[in-house]
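Colleague: Hey, got a minute to walk me through this one?
Modeller: Sure, here it is.
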Amino acid sequence: LVCHLPLVRLPSEQLHVIGQLGQHSRQIRTIIMSFTRRAALLAASATILLAFIAPPSQAHGFKIGDLEIGHPWTRATPPSARVAGGFFTITNTGALPDRLISASFAGSTTVELHEMAHEGGVMTMRELPAGMEIKPGARLELRPGGLHLMFMGLKDALKETDSIKGELVFERAGRVEVSFKVESMGYRPKAAGADHDHAGHGAKTQ
Amino acid sequence: MTGLSVIRYGAWAAIAALGIVVAVVLLNPAKKTDQAAGGRVGGAFQIATAKGGVLDSASLKGKPYGLFFGFTQCPDICPGTLTDMTALMDELDKGATAAKIKDFRILFITVDPERDTAELLANYLSAFDGRIIGLVPTLDGLPALAKQFAAFYQKVPTTSGYTMNHTSAVYLFNSEGVFSGTLDIQESRANQKAKLERLLNR
């Protein structure tokens, strides 16, 4: 709820501006003030209410030991597609490094850990046999165009709004069951740049 | 320096600057026609289509088209490009270029003919715009075809099989079949749209 605070603070800034105008009739000012106060109250209660109503699938998370797994998702696939990518964030709140070493996905026969890169107009893919390290305090992001789980041998086409179970295996923290939300075929996560910055900061702090 | 000589030097400088501008303007179109006439990217081809039959590049005469290399066991770039192109064509269907986009084609050439059979590719592409045509070259014909389009592809073995590295850009060809630049899904949608509209209006 901390991130909603500016919403509540906004009207007081408006009040300040209205105060500066000064010369307007007191009556109008009171009406505006009571209106902005009411709006602020409404906005605040609405955000509190929304926080409870919002379905957990929109931004779901899982926890195992010192690791927080944020919003595992994948994309709907065209018919006959045999592969799909799996994405999520891993935050290491502990003091020791950990490593994602394998994973499984109920919708496919195997899962590999891959890294995609886009260099000089060529899309390149490589398997990461040693897994993915998450340094203490760092936040690792699996996302389209970068690190991802490669679901291979899809049993069926993935359909939007489905939620499919999977398991992540970490060297230190152990196994954690997660569920992957199936987004639309063309879905792209928002605020890509911001997330990259966070990952960079996390890596630097340790 | 007298006021007059300042004016004189200034005038000469202005003439020199004008000369450079004229030279640049004159040289640039020459470069462009050079590129077009050279025809290093593209040229004639005949490739089997996913729906059966053969696509001859001669049949595309008079119609601008896009072309890109991919494969169905591609988790991101290929379905992403196909989704983008489908949305883009849908958008252009409603715009000023509606009449021209009707005849536009996008050729999707698989770089994985070992696994991408015609039937599988046709089924895969059924999720996207009907103007996207699946093409399945023979494994033997693929190297020459890639060379023709200065495209790159490579098999990458993994634990449970293999994946492919490949050129990700969509090549654009004008109505005379001349290479007219590329389009990339990492560009903004607005940029892609502008490029496609320019191609259609050429």
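Modeller: Let's go through how the two chains meet, and then a backbone detail.
Modeller: Ground rules: this is a predicted model, where local features need pLDDT of at least 70 and side-chain atom pairs count only at pLDDT 80 or more, while totals for chains, interfaces and linings use all residues. Residues are numbered from 1 along each chain as its sequence is written, chains are lettered from A and ligands numbered from 1 in the order written, and side-chain values use heavy atoms, leaving out hydrogens and water.
Colleague: Okay, how many residues does each chain bring to the contact?
Modeller: Chain B gives 32 and chain A gives 28, with contact meaning heavy atoms within 4.5 Å.
Colleague: And how many salt bridges cross the interface of chain B and chain A?
Modeller: Two, counting a side-chain nitrogen of Lys or Arg within 4 Å of a carboxyl oxygen of Asp or Glu. One of them links B:Asp84 to A:Arg188, with the closest N and O atoms 3.1 Å apart.
Colleague: Switching topic: what's odd about the phi of A:Thr161?
Modeller: The phi is positive, near 80°, in a residue other than glycine. A:Thr161 sits in the loop between β9 (147-154) and β10 (163-170) of chain A; strands are DSSP runs of E, at least two residues, numbered from the N terminus.
Colleague: Buried or exposed, that A:Thr161?
Modeller: Exposed, at 68% relative accessible area; the cut-offs are buried under 20%, exposed over 50% and partly exposed in between (1.4 Å probe, protein chains only).

Notes
Helices (H or I, at least four residues) and strands (E, at least two) are DSSP runs, numbered from the N terminus.
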